[in-house]
Amino acid sequence: MKATAQRFAVRSAVRIAVGVTAATLVAGVAGCGGPGGDPGKEGAPGAGKQAPPKVAPRLIGDGSTAFTGVQPRQPKPQRLKPGQRPPQFVVFSWDGAGEDSQKLFSHFRSVGRKYGVAMTYFLSGVYLLPEEKAELYLPPQHDAGRSDIGFNDVEGIRDTVRELRAAWQEGNEVGTHFNGHFCGADGGVGTWSVEEWKSEISQAKSFVKNWRTNSGLRAEAPLPFDYDKELIGARTPCLEGRKNFVRAASELGFRYDTSGVNDQVWPERDNGLWDLSMQLVPFPGHSYETLSMDYNFMINQSGTVHGEPALHRLWGDQMRDGLVRAFDRAYHGNRAPLIIGNHFESWNGGTYMRAVEETIATVCVRRDVRCVSFRQLADWLDAQDPRVLGKLRTLEVGERPPGGWPAFLAERPAAVAGRATGDSAQRDVPRVIAPAEPG
(Lines give C-alpha, C1' and ligand atoms only; values in the text may rest on other atoms or scores of the structure.)
Protein backbone atom coordinates (compact mmCIF):
# COMPACT_ATOMS: atom_id res chain seq x y z
CA MET A 1 0.00 0.00 0.00
CA LYS A 2 1.23 3.47 -0.72
CA ALA A 3 3.32 4.64 2.14
CA THR A 4 1.62 5.43 5.38
CA ALA A 5 3.13 8.92 5.25
CA GLN A 6 0.64 9.75 2.51
CA ARG A 7 -2.23 8.53 4.67
CA PHE A 8 -0.89 10.40 7.70
CA ALA A 9 -0.97 13.61 5.69
CA VAL A 10 -4.64 13.06 4.97
CA ARG A 11 -5.58 12.27 8.54
CA SER A 12 -3.64 15.10 10.07
CA ALA A 13 -5.63 17.54 7.97
CA VAL A 14 -8.97 16.39 9.37
CA ARG A 15 -10.91 19.20 10.90
CA ILE A 16 -11.93 19.14 14.57
CA ALA A 17 -15.46 20.33 15.12
CA VAL A 18 -15.82 22.12 18.44
CA GLY A 19 -19.13 23.05 19.98
CA VAL A 20 -20.35 24.12 23.39
CA THR A 21 -23.51 22.96 25.09
CA ALA A 22 -24.61 24.03 28.53
CA ALA A 23 -21.51 23.40 30.62
CA THR A 24 -20.31 20.71 28.20
CA LEU A 25 -17.36 20.96 25.84
CA VAL A 26 -17.79 18.70 22.84
CA ALA A 27 -14.87 18.29 20.49
CA GLY A 28 -16.23 16.23 17.63
CA VAL A 29 -14.25 13.10 16.78
CA ALA A 30 -15.48 10.23 14.74
CA GLY A 31 -12.68 7.95 13.77
CA CYS A 32 -12.70 6.25 10.38
CA GLY A 33 -12.58 4.69 11.75
CA GLY A 34 -17.76 -12.81 23.85
CA PRO A 35 -15.71 -13.04 25.70
CA GLY A 36 -13.68 -14.75 22.97
CA GLY A 37 -14.12 -16.95 25.67
CA ASP A 38 -13.98 -20.45 26.82
CA PRO A 39 -13.44 -22.79 23.89
CA GLY A 40 -16.51 -24.93 23.51
CA LYS A 41 -18.97 -22.22 24.48
CA GLU A 42 -21.59 -21.33 21.95
CA GLY A 43 -20.55 -18.10 20.30
CA ALA A 44 -16.79 -18.35 20.64
CA PRO A 45 -15.37 -18.28 17.10
CA GLY A 46 -15.40 -21.83 15.84
CA ALA A 47 -15.81 -23.22 19.32
CA GLY A 48 -16.95 -26.81 19.38
CA LYS A 49 -17.77 -26.69 15.67
CA GLN A 50 -16.71 -29.14 13.03
CA ALA A 51 -15.07 -27.65 9.97
CA PRO A 52 -17.58 -27.32 7.15
CA PRO A 53 -17.19 -29.83 4.34
CA LYS A 54 -14.69 -28.73 1.72
CA VAL A 55 -16.17 -27.61 -1.57
CA ALA A 56 -14.30 -27.37 -4.85
CA PRO A 57 -13.87 -23.63 -5.49
CA ARG A 58 -16.27 -22.22 -8.07
CA LEU A 59 -14.66 -19.17 -9.62
CA ILE A 60 -16.75 -16.03 -9.97
CA GLY A 61 -16.24 -13.55 -12.81
CA ASP A 62 -12.56 -13.18 -13.67
CA GLY A 63 -11.57 -15.47 -10.79
CA SER A 64 -10.82 -12.72 -8.29
CA THR A 65 -13.38 -14.32 -5.96
CA ALA A 66 -14.80 -17.80 -5.63
CA PHE A 67 -17.53 -19.72 -3.86
CA THR A 68 -15.81 -22.20 -1.55
CA GLY A 69 -18.70 -23.25 0.66
CA VAL A 70 -19.80 -22.21 4.12
CA GLN A 71 -17.35 -19.96 5.95
CA PRO A 72 -15.32 -21.87 8.57
CA ARG A 73 -15.39 -21.17 12.29
CA GLN A 74 -18.82 -19.59 12.51
CA PRO A 75 -20.71 -20.12 15.79
CA LYS A 76 -24.32 -21.18 15.69
CA PRO A 77 -26.40 -18.47 17.41
CA GLN A 78 -28.83 -19.63 20.07
CA ARG A 79 -31.83 -17.83 21.54
CA LEU A 80 -31.59 -16.83 25.19
CA LYS A 81 -33.55 -19.06 27.52
CA PRO A 82 -35.92 -17.44 30.07
CA GLY A 83 -33.85 -16.03 32.95
CA GLN A 84 -30.53 -16.53 31.14
CA ARG A 85 -27.89 -13.82 31.49
CA PRO A 86 -26.86 -12.46 28.05
CA PRO A 87 -23.30 -13.06 26.94
CA GLN A 88 -20.99 -10.04 26.82
CA PHE A 89 -20.20 -9.34 23.18
CA VAL A 90 -17.17 -7.30 22.13
CA VAL A 91 -16.48 -6.36 18.51
CA PHE A 92 -13.00 -5.30 17.37
CA SER A 93 -13.01 -3.80 13.88
CA TRP A 94 -10.52 -2.20 11.52
CA ASP A 95 -11.09 0.64 9.03
CA GLY A 96 -9.20 0.54 5.75
CA ALA A 97 -7.88 -3.01 6.32
CA GLY A 98 -4.85 -3.26 4.06
CA GLU A 99 -1.44 -4.86 4.57
CA ASP A 100 1.49 -2.47 4.18
CA SER A 101 5.07 -2.30 5.44
CA GLN A 102 3.88 -2.11 9.05
CA LYS A 103 2.45 -5.67 8.77
CA LEU A 104 -0.33 -4.83 11.22
CA PHE A 105 -3.04 -6.78 9.38
CA SER A 106 -1.04 -10.00 9.64
CA HIS A 107 -0.07 -9.18 13.22
CA PHE A 108 -3.64 -8.80 14.43
CA ARG A 109 -4.70 -11.92 12.57
CA SER A 110 -2.14 -13.66 14.76
CA VAL A 111 -3.54 -11.96 17.87
CA GLY A 112 -7.02 -13.12 16.89
CA ARG A 113 -5.88 -16.72 16.57
CA LYS A 114 -4.10 -16.55 19.92
CA TYR A 115 -7.17 -15.41 21.84
CA GLY A 116 -9.92 -17.06 19.79
CA VAL A 117 -11.20 -13.71 18.53
CA ALA A 118 -13.12 -13.03 15.32
CA MET A 119 -12.88 -9.47 13.99
CA THR A 120 -14.34 -7.37 11.17
CA TYR A 121 -12.02 -5.92 8.55
CA PHE A 122 -13.53 -2.96 6.66
CA LEU A 123 -11.67 -3.00 3.35
CA SER A 124 -11.18 0.20 1.34
CA GLY A 125 -11.85 -0.83 -2.26
CA VAL A 126 -9.07 1.37 -3.69
CA TYR A 127 -6.54 -0.73 -1.78
CA LEU A 128 -7.18 -3.40 -4.45
CA LEU A 129 -6.83 -0.94 -7.35
CA PRO A 130 -3.35 -0.12 -8.70
CA GLU A 131 -2.52 3.54 -9.12
CA GLU A 132 -2.10 3.21 -12.87
CA LYS A 133 -5.76 2.12 -13.05
CA ALA A 134 -6.99 4.93 -10.78
CA GLU A 135 -9.33 6.38 -13.39
CA LEU A 136 -11.49 3.26 -13.15
CA TYR A 137 -12.78 4.85 -9.94
CA LEU A 138 -15.58 7.34 -10.58
CA PRO A 139 -16.19 8.92 -7.17
CA PRO A 140 -19.45 10.78 -6.59
CA GLN A 141 -18.98 14.57 -6.92
CA HIS A 142 -15.28 14.21 -7.79
CA ASP A 143 -13.17 13.72 -10.89
CA ALA A 144 -12.34 10.22 -12.09
CA GLY A 145 -9.30 8.78 -10.35
CA ARG A 146 -9.55 11.01 -7.29
CA SER A 147 -9.10 9.49 -3.81
CA ASP A 148 -8.22 11.11 -0.51
CA ILE A 149 -6.36 7.98 0.61
CA GLY A 150 -4.56 7.18 -2.62
CA PHE A 151 -4.42 3.81 -4.34
CA ASN A 152 -2.08 0.82 -4.11
CA ASP A 153 0.75 -0.85 -5.97
CA VAL A 154 0.84 -4.43 -7.21
CA GLU A 155 2.81 -5.81 -4.27
CA GLY A 156 0.52 -4.05 -1.82
CA ILE A 157 -2.47 -5.62 -3.54
CA ARG A 158 -0.83 -9.05 -3.43
CA ASP A 159 -0.15 -8.68 0.31
CA THR A 160 -3.61 -7.34 1.11
CA VAL A 161 -5.37 -10.13 -0.80
CA ARG A 162 -3.26 -12.70 1.03
CA GLU A 163 -4.38 -11.31 4.38
CA LEU A 164 -8.03 -11.02 3.36
CA ARG A 165 -8.04 -14.59 2.12
CA ALA A 166 -6.55 -15.95 5.34
CA ALA A 167 -8.68 -13.71 7.57
CA TRP A 168 -11.92 -15.02 6.05
CA GLN A 169 -10.76 -18.62 6.28
CA GLU A 170 -10.03 -18.05 9.98
CA GLY A 171 -13.63 -16.93 10.56
CA ASN A 172 -13.29 -13.15 10.34
CA GLU A 173 -15.58 -10.84 8.39
CA VAL A 174 -14.71 -8.66 5.39
CA GLY A 175 -16.86 -5.52 5.27
CA THR A 176 -16.27 -2.25 3.41
CA HIS A 177 -14.94 1.21 4.20
CA PHE A 178 -15.89 2.19 0.64
CA ASN A 179 -13.29 3.84 -1.60
CA GLY A 180 -12.00 7.41 -1.73
CA HIS A 181 -12.69 8.40 1.88
CA PHE A 182 -14.00 11.90 1.17
CA CYS A 183 -14.99 13.96 4.22
CA GLY A 184 -16.33 17.45 4.79
CA ALA A 185 -18.69 19.77 2.95
CA ASP A 186 -16.84 19.84 -0.39
CA GLY A 187 -18.16 16.65 -1.97
CA GLY A 188 -17.67 14.60 1.18
CA VAL A 189 -19.76 11.51 1.86
CA GLY A 190 -22.04 13.55 4.09
CA THR A 191 -23.33 15.35 0.99
CA TRP A 192 -24.00 12.21 -1.07
CA SER A 193 -27.45 11.16 -2.21
CA VAL A 194 -28.85 7.66 -1.88
CA GLU A 195 -28.04 6.98 -5.54
CA GLU A 196 -24.47 8.25 -5.11
CA TRP A 197 -24.02 5.90 -2.17
CA LYS A 198 -25.27 3.04 -4.32
CA SER A 199 -22.66 3.92 -6.94
CA GLU A 200 -19.91 3.98 -4.31
CA ILE A 201 -20.99 0.59 -2.95
CA SER A 202 -21.16 -0.91 -6.44
CA GLN A 203 -17.64 0.30 -7.19
CA ALA A 204 -16.29 -1.00 -3.87
CA LYS A 205 -17.65 -4.41 -4.81
CA SER A 206 -16.26 -4.16 -8.33
CA PHE A 207 -12.70 -3.50 -7.15
CA VAL A 208 -12.86 -6.63 -4.98
CA LYS A 209 -14.45 -8.75 -7.70
CA ASN A 210 -11.92 -7.68 -10.36
CA TRP A 211 -8.62 -7.27 -8.52
CA ARG A 212 -6.89 -9.96 -10.62
CA THR A 213 -7.70 -8.21 -13.89
CA ASN A 214 -6.95 -4.74 -12.58
CA SER A 215 -3.63 -5.70 -10.97
CA GLY A 216 -2.45 -8.30 -13.49
CA LEU A 217 -1.97 -10.82 -10.66
CA ARG A 218 -3.78 -13.59 -12.52
CA ALA A 219 -1.71 -16.38 -10.98
CA GLU A 220 -2.79 -15.48 -7.44
CA ALA A 221 -5.45 -17.55 -5.67
CA PRO A 222 -8.93 -16.02 -5.51
CA LEU A 223 -10.56 -14.60 -2.45
CA PRO A 224 -12.60 -17.53 -1.07
CA PHE A 225 -15.98 -15.80 -0.90
CA ASP A 226 -18.71 -14.29 -3.05
CA TYR A 227 -18.43 -10.61 -2.11
CA ASP A 228 -22.00 -9.85 -3.13
CA LYS A 229 -23.07 -12.20 -0.33
CA GLU A 230 -20.19 -11.57 2.07
CA LEU A 231 -20.74 -7.80 2.20
CA ILE A 232 -23.50 -7.10 4.74
CA GLY A 233 -22.22 -4.07 6.66
CA ALA A 234 -19.97 -1.03 6.69
CA ARG A 235 -18.61 2.02 8.45
CA THR A 236 -18.73 5.31 6.56
CA PRO A 237 -15.66 7.57 6.28
CA CYS A 238 -15.51 10.06 9.15
CA LEU A 239 -18.84 8.66 10.38
CA GLU A 240 -20.48 11.05 7.92
CA GLY A 241 -23.37 10.52 5.52
CA ARG A 242 -25.04 7.87 7.61
CA LYS A 243 -28.65 8.84 6.88
CA ASN A 244 -28.51 8.36 3.11
CA PHE A 245 -26.06 5.47 3.36
CA VAL A 246 -28.44 3.53 5.60
CA ARG A 247 -31.26 4.11 3.12
CA ALA A 248 -29.10 2.86 0.26
CA ALA A 249 -27.77 -0.08 2.26
CA SER A 250 -31.26 -1.11 3.31
CA GLU A 251 -32.37 -1.21 -0.32
CA LEU A 252 -29.28 -3.28 -1.21
CA GLY A 253 -29.89 -5.88 1.50
CA PHE A 254 -27.21 -4.92 4.04
CA ARG A 255 -27.82 -6.16 7.59
CA TYR A 256 -26.01 -3.64 9.82
CA ASP A 257 -24.31 -0.25 9.96
CA THR A 258 -21.65 0.96 12.41
CA SER A 259 -21.35 4.62 11.35
CA GLY A 260 -23.19 6.40 14.15
CA VAL A 261 -22.44 7.50 17.70
CA ASN A 262 -24.27 5.93 20.61
CA ASP A 263 -24.07 5.04 24.28
CA GLN A 264 -23.29 1.54 25.52
CA VAL A 265 -26.85 0.27 25.24
CA TRP A 266 -28.47 -2.64 23.42
CA PRO A 267 -28.86 -2.02 19.66
CA GLU A 268 -32.03 -1.69 17.67
CA ARG A 269 -32.85 -1.60 13.96
CA ASP A 270 -32.77 1.47 11.77
CA ASN A 271 -34.39 1.08 8.32
CA GLY A 272 -34.08 -2.66 8.76
CA LEU A 273 -30.35 -2.57 9.60
CA TRP A 274 -28.91 -3.28 13.03
CA ASP A 275 -27.53 0.01 14.36
CA LEU A 276 -24.17 -1.13 15.75
CA SER A 277 -22.80 2.38 16.14
CA MET A 278 -19.53 3.46 17.67
CA GLN A 279 -19.88 4.18 21.38
CA LEU A 280 -18.91 6.76 23.96
CA VAL A 281 -16.54 5.29 26.54
CA PRO A 282 -14.64 6.56 29.59
CA PHE A 283 -11.56 8.72 28.99
CA PRO A 284 -9.40 8.13 32.11
CA GLY A 285 -8.24 11.32 33.77
CA HIS A 286 -11.02 13.39 32.20
CA SER A 287 -14.58 14.30 33.06
CA TYR A 288 -15.82 13.59 29.54
CA GLU A 289 -16.01 10.54 27.32
CA THR A 290 -14.70 9.89 23.82
CA LEU A 291 -15.49 7.49 21.00
CA SER A 292 -14.32 3.90 21.24
CA MET A 293 -11.70 4.31 18.53
CA ASP A 294 -7.93 4.77 18.41
CA TYR A 295 -8.19 7.91 16.27
CA ASN A 296 -10.43 9.64 18.77
CA PHE A 297 -8.13 8.96 21.69
CA MET A 298 -5.21 10.25 19.62
CA ILE A 299 -6.97 13.48 18.64
CA ASN A 300 -7.95 14.19 22.24
CA GLN A 301 -4.46 13.44 23.55
CA SER A 302 -1.94 14.83 21.09
CA GLY A 303 -4.00 16.18 18.20
CA THR A 304 -1.32 14.80 15.90
CA VAL A 305 0.08 11.42 14.91
CA HIS A 306 3.54 12.47 16.14
CA GLY A 307 2.95 13.69 19.67
CA GLU A 308 5.47 14.00 22.49
CA PRO A 309 7.32 10.62 22.69
CA ALA A 310 7.58 10.82 26.49
CA LEU A 311 3.76 10.63 26.64
CA HIS A 312 3.23 7.74 24.24
CA ARG A 313 2.96 5.06 26.93
CA LEU A 314 0.59 7.17 29.02
CA TRP A 315 -1.67 7.75 26.02
CA GLY A 316 -1.78 4.06 25.13
CA ASP A 317 -2.54 3.16 28.74
CA GLN A 318 -5.37 5.72 28.75
CA MET A 319 -6.96 4.10 25.72
CA ARG A 320 -6.58 0.58 27.09
CA ASP A 321 -7.92 1.55 30.49
CA GLY A 322 -10.83 3.47 28.96
CA LEU A 323 -11.85 0.49 26.85
CA VAL A 324 -11.50 -1.91 29.79
CA ARG A 325 -13.62 0.40 31.97
CA ALA A 326 -16.25 0.45 29.23
CA PHE A 327 -16.12 -3.32 29.14
CA ASP A 328 -16.43 -3.63 32.92
CA ARG A 329 -19.46 -1.38 33.20
CA ALA A 330 -21.25 -3.41 30.53
CA TYR A 331 -20.04 -6.80 31.79
CA HIS A 332 -21.20 -6.06 35.34
CA GLY A 333 -24.16 -3.97 34.18
CA ASN A 334 -26.50 -4.13 31.18
CA ARG A 335 -24.31 -6.49 29.11
CA ALA A 336 -24.70 -4.27 26.03
CA PRO A 337 -22.27 -5.19 23.24
CA LEU A 338 -19.06 -3.14 23.26
CA ILE A 339 -18.11 -1.79 19.81
CA ILE A 340 -14.45 -0.86 19.21
CA GLY A 341 -12.95 0.62 16.02
CA ASN A 342 -9.31 0.92 14.99
CA HIS A 343 -6.86 1.53 12.14
CA PHE A 344 -3.71 -0.26 11.11
CA GLU A 345 -1.55 2.73 12.01
CA SER A 346 1.47 3.45 14.21
CA TRP A 347 0.26 6.79 15.49
CA ASN A 348 2.27 8.08 18.46
CA GLY A 349 4.80 5.30 18.23
CA GLY A 350 2.24 2.51 17.87
CA THR A 351 0.89 3.02 21.37
CA TYR A 352 -2.74 2.51 20.28
CA MET A 353 -1.94 -0.81 18.64
CA ARG A 354 -0.44 -1.92 21.95
CA ALA A 355 -3.57 -0.69 23.73
CA VAL A 356 -5.84 -2.71 21.45
CA GLU A 357 -3.79 -5.86 21.86
CA GLU A 358 -3.71 -5.50 25.66
CA THR A 359 -7.47 -4.89 25.70
CA ILE A 360 -8.04 -8.10 23.72
CA ALA A 361 -5.80 -10.02 26.11
CA THR A 362 -7.69 -8.61 29.11
CA VAL A 363 -11.34 -8.94 28.09
CA CYS A 364 -11.57 -11.77 25.57
CA VAL A 365 -10.47 -14.39 28.08
CA ARG A 366 -13.22 -13.56 30.58
CA ARG A 367 -16.09 -15.90 31.32
CA ASP A 368 -19.23 -15.43 29.18
CA VAL A 369 -17.40 -13.04 26.86
CA ARG A 370 -17.60 -13.44 23.09
CA CYS A 371 -15.23 -11.40 20.95
CA VAL A 372 -16.95 -11.64 17.60
CA SER A 373 -17.34 -10.01 14.20
CA PHE A 374 -20.24 -7.70 13.39
CA ARG A 375 -21.72 -10.45 11.22
CA GLN A 376 -21.67 -12.87 14.15
CA LEU A 377 -23.24 -10.27 16.45
CA ALA A 378 -25.97 -9.57 13.88
CA ASP A 379 -26.61 -13.32 13.57
CA TRP A 380 -27.07 -13.58 17.33
CA LEU A 381 -29.38 -10.56 17.46
CA ASP A 382 -31.47 -11.99 14.64
CA ALA A 383 -31.91 -15.21 16.61
CA GLN A 384 -33.34 -13.49 19.71
CA ASP A 385 -36.94 -12.91 20.72
CA PRO A 386 -37.60 -9.25 19.76
CA ARG A 387 -39.46 -8.78 23.06
CA VAL A 388 -36.38 -9.82 25.02
CA LEU A 389 -34.21 -7.39 23.06
CA GLY A 390 -36.81 -4.71 23.73
CA LYS A 391 -36.54 -5.31 27.45
CA LEU A 392 -32.73 -5.27 27.30
CA ARG A 393 -32.95 -1.87 25.64
CA THR A 394 -34.68 -0.45 28.72
CA LEU A 395 -31.39 -0.78 30.63
CA GLU A 396 -29.25 2.35 30.73
CA VAL A 397 -25.46 2.52 30.42
CA GLY A 398 -23.94 0.26 33.08
CA GLU A 399 -27.35 -0.42 34.69
CA ARG A 400 -27.77 -3.80 36.32
CA PRO A 401 -31.13 -5.46 35.75
CA PRO A 402 -33.49 -4.86 38.68
CA GLY A 403 -33.70 -8.04 40.74
CA GLY A 404 -30.90 -9.74 38.79
CA TRP A 405 -30.89 -11.49 35.44
CA PRO A 406 -32.99 -14.55 36.38
CA ALA A 407 -35.84 -12.28 37.51
CA PHE A 408 -35.40 -9.65 34.80
CA LEU A 409 -35.62 -12.16 31.96
CA ALA A 410 -37.62 -14.82 33.78
CA GLU A 411 -40.48 -14.86 31.30
CA ARG A 412 -41.03 -13.69 27.79
CA PRO A 413 -41.94 -10.03 28.31
CA ALA A 414 -44.80 -8.23 26.67
CA ALA A 415 -43.85 -5.87 23.88
CA VAL A 416 -41.55 -3.15 25.22
CA ALA A 417 -41.65 0.33 23.74
CA GLY A 418 -37.92 0.91 24.08
CA ARG A 419 -35.20 2.26 26.31
CA ALA A 420 -36.06 4.87 28.89
CA THR A 421 -35.07 8.35 27.80
CA GLY A 422 -34.40 9.90 31.18
CA ASP A 423 -30.91 11.03 32.10
CA SER A 424 -28.62 8.86 34.19
CA ALA A 425 -25.36 9.51 35.94
CA GLN A 426 -23.48 7.95 33.05
CA ARG A 427 -25.37 9.86 30.38
CA ASP A 428 -24.81 13.19 32.13
CA VAL A 429 -21.04 12.88 31.72
CA PRO A 430 -19.71 15.53 29.30
CA ARG A 431 -18.78 13.87 25.99
CA VAL A 432 -15.88 14.35 23.66
CA ILE A 433 -16.45 13.01 20.21
CA ALA A 434 -13.42 13.46 18.05
CA PRO A 435 -13.51 14.28 14.33
CA ALA A 436 -13.85 11.75 11.64
CA GLU A 437 -10.83 10.49 9.88
CA PRO A 438 -9.79 8.80 6.72
CA GLY A 439 -8.87 5.25 6.76
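**Figure 1. The salt bridge between Arg354 and Asp317 in the predicted model.** In this predicted model, the side chains of Arg354 and Asp317 meet in a salt bridge, with 2.9 Å from N to O. The two residues belong to distant parts of the chain, 37 residues apart: Arg354 lies in helix H10 (residues 347-363) and Asp317 in helix H9 (residues 312-331). Arg354 has a relative accessible area of 17% and is therefore buried. Side chains of opposite charge can pair when their charged atoms come close.

**Figure 2. The salt bridge between Arg109 and Glu163.** The closest N and O atoms of Arg109 and Glu163 are 2.6 Å apart. Arg109 is part of helix H2 (residues 104-115) and Glu163 is part of helix H3 (residues 154-169), so the pair ties together parts that are 54 residues apart in sequence. Both partners, Arg109 and Glu163, are buried. Arg109 and Glu163 also belong to a network of salt bridges with shared partners, whose other members are Glu99, Arg113, Asp159, Arg162 and Glu170. A search of the whole structure finds 30 salt bridges.

**Figure 3. Helix H3 and its surroundings.** The 16 residues of H3 should span 22 Å at 1.5 Å a residue, and this agrees with the 23 Å between the end C-alpha atoms of the helix. The buried residues of H3 include Gly156, Ile157, Val161, Leu164 and Trp168. Charged residues of H3 are also among the buried ones, including Asp159, Glu163 and Arg165. Against the buried residues of H3 pack helix H2, strand E6 (120-123), strand E7, helix H5 (211-215) and helix H6 (227-230). Just after H3, Gly171 takes a positive phi of about 105°.

**Figure 4. Helix H11 and the salt bridge of Asp379 with Arg255.** Helix H11 (residues 374-383) is mostly covered, as 7 of its 10 residues are buried. The buried residues are Phe374, Arg375, Gln376, Leu377, Ala378, Trp380 and Leu381. Asp379, by contrast, is partly exposed, with a relative accessible area of 24%. Asp379 forms a salt bridge with Arg255, and the closest N and O atoms of this pair are 2.7 Å apart. The salt bridge links distant parts of the chain, Asp379 in H11 and Arg255 in the loop between helix H7 (242-251) and strand E9 (256-257), which are 124 residues apart.

**Figure 5. The disulfide of Cys183 and Cys238.** The sulfur atoms of Cys183 and Cys238 are 1.7 Å apart and form a disulfide. A disulfide is a covalent bond between the sulfur atoms of two cysteines. The link of Cys183 and Cys238 is right-handed, with 75° about the S-S bond. Distant parts of the chain, 55 residues apart, are linked by this pair: Cys183 lies in the loop between strand E7 (173-176) and helix H4 (194-209), and Cys238 in the loop between strand E8 (233-234) and H7. Cys183 is partly exposed, with a relative accessible area of 25%, whereas Cys238 counts as buried at 2% relative accessibility.

**Figure 6. The disulfide of Cys364 and Cys371.** Cys364 is joined to Cys371 by a disulfide, with 2.0 Å from S to S. The link is left-handed, with -95° about the S-S bond. Cys364 counts as buried at 1% relative accessibility, and Cys371 counts as buried at 0%. The structure holds 2 disulfides, and these follow the pattern 1-2, 3-4 when bonded cysteines are counted along the chain.

**Figure 7. Positive phi at Lys103 and Asn348.** Most residues other than glycine have a negative phi. Lys103, however, has a positive phi near 60°. Lys103 lies in the loop between strand E5 (88-96) and H2, and is partly exposed with a relative accessible area of 38%. Asn348 also has a positive phi, near 45°. Asn348 is found in helix H10 and counts as buried at 0% relative accessibility.

**Figure 8. The protein as the setting for the views above.** The secondary structure of the protein comes to 13 helices and 16 strands. Of its 439 residues, 59% count as buried. The accessible surface of the protein comes to about 16400 Å², and 51% of this surface belongs to carbon and sulfur atoms.

How values were computed: Residues numbered from 1 in each chain as written. Predicted model: local features only at pLDDT ≥ 70, side-chain atom pairs only at ≥ 80, totals over all residues. Heavy atoms only, no water. Helix = DSSP H or I, 4+ residues; strand = E, 2+ residues; numbered from the N terminus. Buried < 20%, exposed > 50% of the residue type's maximum accessible area, 1.4 Å probe, protein only. Areas by Shrake-Rupley, 256 points an atom, 1.4 Å probe, with all protein chains shown as cover. Salt bridge = Lys/Arg side-chain N within 4 Å of Asp/Glu carboxyl O. Disulfide = S-S within 2.5 Å. Expected span 1.5 Å × (residues − 1). Contact = heavy atoms within 4.5 Å.
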